[in-house]
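Work through the exercises below with the model open. Try each task before reading its solution.

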Amino acid sequence: VFESGDYTPLKASGTRKDSVIAFARSLGGRRAMVIAPRFLSGFVPEGKIPLGEVWGDTALELPEDFPQVWRDAVSGAELRASRIPLAQALAAFPCAILIAD
């Protein structure tokens, strides 16, 4: 998926939309999504990790043809939504790789 798959940049909405970069890769019926924070110094106190509610209302807007069930590759947590709230996707770790179920 990461070597040969199609690249889709993902748009964020909400208060912290400029503090995240995300994209998906697709190949055949497989999809993976990567979410990474950036520009954190304006809202994350020094020494703190940007987890959970620090992301407030910020979410990733998924294209209409994307699956609505994703699984976190690290924690195994399941996300079901047509938009991915960062407070949920980044609740356990400050970045995420989500795999479509």
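**Exercise 1.** Classify Glu-61: buried, partly exposed or exposed?

*Solution.* Take the cut-offs first: buried is under 20% relative accessible area, exposed is over 50%, and partly exposed lies in between (1.4 Å probe, protein chains only). Glu-61 has 29% relative accessibility. Glu-61 is therefore partly exposed. This is a predicted model: local features need pLDDT of at least 70, side-chain atom pairs count only at pLDDT 80 or more, and totals for chains, interfaces and linings use all residues. Residues are numbered from 1 along each chain as its sequence is written, and side-chain values use heavy atoms, leaving out hydrogens and water.

**Exercise 2.** Find the salt-bridge partner of Glu-61 and place both residues.

*Solution.* Apply the criterion: a side-chain nitrogen of Lys or Arg within 4 Å of a carboxyl oxygen of Asp or Glu. Arg-83 qualifies, with its closest N and O atoms 3.2 Å apart. Now place them: Arg-83 sits in strand β8 (residues 83–85), Glu-61 in strand β5 (residues 59–61). Strands here are DSSP runs of E, at least two residues, numbered from the N terminus. The pair is 22 residues apart and links distant parts of the chain. Arg-83 is partly exposed, at 35%.

**Exercise 3.** Which residues join Glu-78 in one salt-bridge network?

*Solution.* Start with Arg-71: its side chain meets Glu-78 at 3.0 Å, N to O. Next, Arg-80 bridges to Glu-78 at 2.7 Å. The shared partner joins Arg-71, Glu-78 and Arg-80 into one network. Check accessibility: Glu-78 is partly exposed at 34%, Arg-71 is partly exposed at 32%, and Arg-80 is exposed at 59%. The whole structure holds three salt bridges.

Terms used
Helix = DSSP H or I, 4+ residues; strand = E, 2+ residues; numbered from the N terminus.
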